Amino acid sequence: MSTAPQVRSLNCTNCGAPLTIRAGGHTLTVVCERCLTLLDARDPALSVLQTFQARQRVQPLIPLGRRGELRGSTWEAIGFQVREIVVESVAYNWSEYLLYNPFKGFRYLTEYDGHWNFVATLRALPEETTARGRQAVRYLGQTYACFQSASARTIFVLGEFPWQFRVGEAVYVSDYIAPPRAVSAERTQNEVAWSLGEYLPGGEVWKAFKLPGACPPARGIYSNQPSPDGPNARSVWTVCLALVGLLAAMMFLFSVGARQEEVFQSSYTFSTAMKGETSFVTPVFELKGRPSNVEVKVDTDLENDWAYLSFTLINEQSGEGFDFGREIGYYHGVDTDGSWSEGGRDDRVLVPSVPPGRYYLRVEPDMNDEDGKAHSVRYQVKVRRDVPYNPFFWIAGLLLLVPPIFVSLRAAGFEKARWQESSFVSDSKSDREDE
Amino acid sequence: MSQPVANCPNCGAAVRFRFSSAVQSVCEYCRSIVVRRDVNLERVGEVSDLPPDPSPIQITTEGIYRNRPFVVAGRILYEYEQGGWNEWHIVFSDGKSGWLSDAMAEYAVTFGVVPTPEPLPPAEKIHRGRRFRWYGADYQVTLLTPARYRGVEGELPFEYWNKQQVLFADLRTSDARFGTIDYSERPALLFLGESVEFEALRLKNLRRVEGWDA
């Protein structure tokens with residue numbers, strides 16, 4: 001049985017420093033870390049391809065040669081490059097680690113400001129399309145919206161790569177997002193290389209490669225960073241709407257179950273011209289069933305006037321009473337803005353938890369008598385036992401909607417912040433220019 | 001499975017054809033390429049030393065594709081500007097031949113399609129982005145690779161030796177189907193299949209890779 005060659009130890013043609021090739025047979029370009037020279041790994045003489053100048057040396061966060069467990073497989077970091085895009089004359093740099101497994105091939109880890117992505121080349125071909133007026137791609141049933149397109153240059157490189165390149169070379173990169181995933185296209189003259197990235201918290205990279213200390217914190221919001229509320233919003237809405245549905249069902253049952261029995265009704269007239277005691281008591285009526293509410297409804301014929309009605313609901317046996325009152329006022333007219341009205345002619349009082357028994361009402365009407373004119377009102381008093389009373393349900397229902405609305409607003413804020421970094425949001429661009 | 005044995009016309013060593021579909025084999029001793037002509041073996045060439053190869057696959061590797069077991073019987077090695085890749089000739093238990101391509105540990109299983117669903121465009125007319133609709137799928141030419149035949153090993157289902165430049169057109173679909181138009185012959189050959197994950201093939205009897213577990 002033969003052994004597949006993997007590791008080769010060599011010396012740099014340029015400076016003589018020792019070199020290791022970890023993916024023998026695949027590697028076409030290897031970089032001397034000491035003199036920053038790209039060497040042709042296929043050439044037995046290891047000929048020099050390029051010596052590049054770096055503005056500054058970059059230390060990879062994952063040391064080359066380090067192995068880590070990611071997505072159920074072991075990957076060895078064998079190459080590292082820093083790539084740069086320039087947007088509105090601001091340069092943005094990100095790092096790419098080339099990972100290798102002799103059986104499973106190559107993967108990538110990208111890192112920008114503490115945000116990581118685990119990237120694999122695509123086996124299927126994304127279809128270009130548009131979504132909400134934006135360029136997009138469809139890949140395996142999911143739509144990815146174009147986030148940014150730019151020319152990306154390699155500005156620093158270490159380790160080894162299974163392709164030939166030079167530092168300074170540029171490819172046209174487009175990123176399409178459907179958080180937590182992103183599809184990227186790297187376009188060159190001869191090929192479009194598609195890849196799929198999945199957002200990875202820095203802590204997972206740290207754990208996978210057993211890196212010392214804590215991972216640098218992620219700054220800002222990254223293009224395909226999953227919204228902390230995105231998946232939540234849906235489940236919070238589901239739970240809350242289910243509870244609202246339950247409330248509605250309970251409300252319905254209570255309404256159907258209410259007796260809504262009319263126990264008393266009578267009409268009266270009051271006038272400020274009347275002398276003496278204005279209060280009176282109604283005939284006795286019976287309130288049946290379990291303790292429940294009593295509705296006292298008053299209808300008047302007020303015209304640009306008000307009346308105050310004091311009530312006491314009195315239990316005939318115990319003499320115990322419930323006091324309540326209502327001011328009813330109705331005004332209307334026509335002015336330069338047209339016709340107007342204020343208040344209303346009727347009102348109602350709901351007395352909660354009245355035990356069953358024989359009751360009567362004491363009524364005391366009152367009206368304005370300070371202008372020296374006579375005021376009068378005709379009014380009807382209607383008493384109903386056990387009416388549907390729903391404000392609790394409405395309040396509970398509204399309170400239930402608070403968490404999902406809050407989560408959705410926060411998720412929307414996150415998406416807004418995300419897309420502000422996109423090269424396709426023109427208004428945010430002009431905002432930034434104004435600053 | 002019959003295993004006809006004949007002697008190498010060059011060195012006299014036994015040359016075994018383990019697969020009835022095999023037409024060509026390589027003498028393991030003198031590296032002569034021998035082909036079956038009626039009942040005789042004919043030496044048609046010699047394999048030069050193959051370069052060190054990082055593929056974990058070797059002749060006799062076994063695997064499973066769509067619940068059908070196969071064994072690796074031979075291979076063709078190609079070289080192109082950005083490296084090399086293997087087309088492993090795989091033979092299923094029913095004797096049917098297929099190809100397992102291994103390009104930088106990206107795997108695809110394909111089968112020769114004869115006759116082709118339509119006459120294929122000649123090499124000078126093929127270009128990236130060209131689309132074909134075959135068997136309910138939209139194939140798109142994603143890559144043209146001018147390659148060089150580098151060598152063969154083991155048993156192959158057709159004569160394949162001493163080729164020079166070969167043009168390949170890779171085809172992909174939105175649902176991970178994969179195809180190749182092989183311009184080494186006229187008319188061109190068509191292979192269709194799909195990309196597969198390493199794990200899905202459940203390969204056994206792989207080469208050992210120092211420092212790594214499969």
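**Exercise 1. A pair across a sheet in chain A**

Find the residue of S27(A) that stands opposite A:Ser266, then place the two strands in their sheet.

*Solution.* Start with the pair: A:Ser266 faces A:Val381 in S27(A). Strands here are DSSP runs (E, at least two residues), helices are runs of H or I with at least four residues, and both are numbered from the N terminus. Next, look at the pairing of the strands, for which DSSP must find at least two bridges between them. S18(A) and strand S27 (residues 376–385) of chain A run antiparallel and are joined by ten bridges. Now widen the view: the order S18-S27-S21-S25 (chain A) describes an open sheet of four strands with antiparallel pairing. At its edges are strand S18 (261–271) and strand S25 (346–354) of chain A, each of which pairs on one side only. From one strand to the next the twist averages 15°, where axes are lines fitted to C-alpha atoms (for helices over the stretch in contact) and angles run from 0 to 180 degrees between N-to-C directions.

A word on what you are looking at: this is a predicted model, in which local features need pLDDT of at least 70 and side-chain atom pairs count only at pLDDT 80 or more, while totals for chains, interfaces and linings use all residues. Residues are numbered from 1 along each chain as its sequence is written, and chains are lettered from A and ligands numbered from 1 in the order in which they are written.

**Exercise 2. The surroundings of A:Leu361**

Decide whether A:Leu361 is buried or exposed, and list its contacts beyond the local sequence.

*Solution.* First locate A:Leu361 in strand S26 (residues 357–367) of chain A. Then apply the cut-offs: a residue is buried if 20 or more other C-beta atoms, placed from the backbone, lie within 10 Å of its own, exposed if 12 or fewer, and partly exposed in between. A:Leu361 has 22 C-beta neighbours inside 10 Å, so A:Leu361 counts as buried. For contacts, the C-beta atoms of two residues, placed from the backbone, must lie within 7 Å. With neighbours within four places in sequence set aside, A:Leu361 touches A:Val281, A:Thr282, A:Phe311, A:Leu313 and A:Val381. One of these partners, A:Phe311, is 50 residues away along the chain, with 6.5 Å between the C-alpha atoms.

**Exercise 3. Domains of chain A**

State how chain A is divided and what distance separates the centres of domain 1 and domain 3 of chain A.

*Solution.* Take the bounds, which come from an automatic or database domain assignment: domain 1 (8–226), domain 2 (232–254 + 392–434) and domain 3 (259–387). Over C-alpha atoms, the centres of domain 1 and domain 3 of chain A lie 80 Å apart.

**Exercise 4. Following S13(B)**

Trace the strand partners of S13(B) and assess B:Gln165.

*Solution.* Begin with S12(B), which is joined to strand S13 (residues 165–172) of chain B by eight bridges in an antiparallel run. Within this pairing, B:Thr145 has B:Phe168 of S13(B) as its bridge partner. Then turn to strand S14 (residues 177–182) of chain B, which pairs with S13(B) over five bridges, also in the antiparallel sense. Here B:Asp170 is opposite B:Thr180 in S14(B). The two strands S13(B) and S14(B) make a hairpin with four residues between them, and B:Ala176 in the turn has a positive phi of about 70°.

Finally, B:Gln165 belongs to strand S13 of chain B. B:Gln165 counts as exposed because it has 10 C-beta neighbours inside 10 Å. Its contacts, leaving aside neighbours within four places in sequence, are B:Pro146 and B:Arg148. B:Pro146 is 19 residues from B:Gln165 in sequence, and their C-alpha atoms are 6.8 Å apart.

**Exercise 5. Where the chains meet**

Work out how many residues chain A and chain B give to their contact, and describe the side of chain B.

*Solution.* Count each side: 28 residues come from chain B and 24 residues from chain A. On chain B, the elements giving two or more residues are strand S12 (137–154) and strand S16 (208–209). S12(B) supplies the largest share, three residues. Sorted by class, this side of chain B has eleven nonpolar residues (Ala, Val, Leu, Ile, Met, Phe, Trp, Tyr, Cys and Pro count as such), seven charged (Asp, Glu, Lys and Arg) and ten polar (the others, Gly among them).
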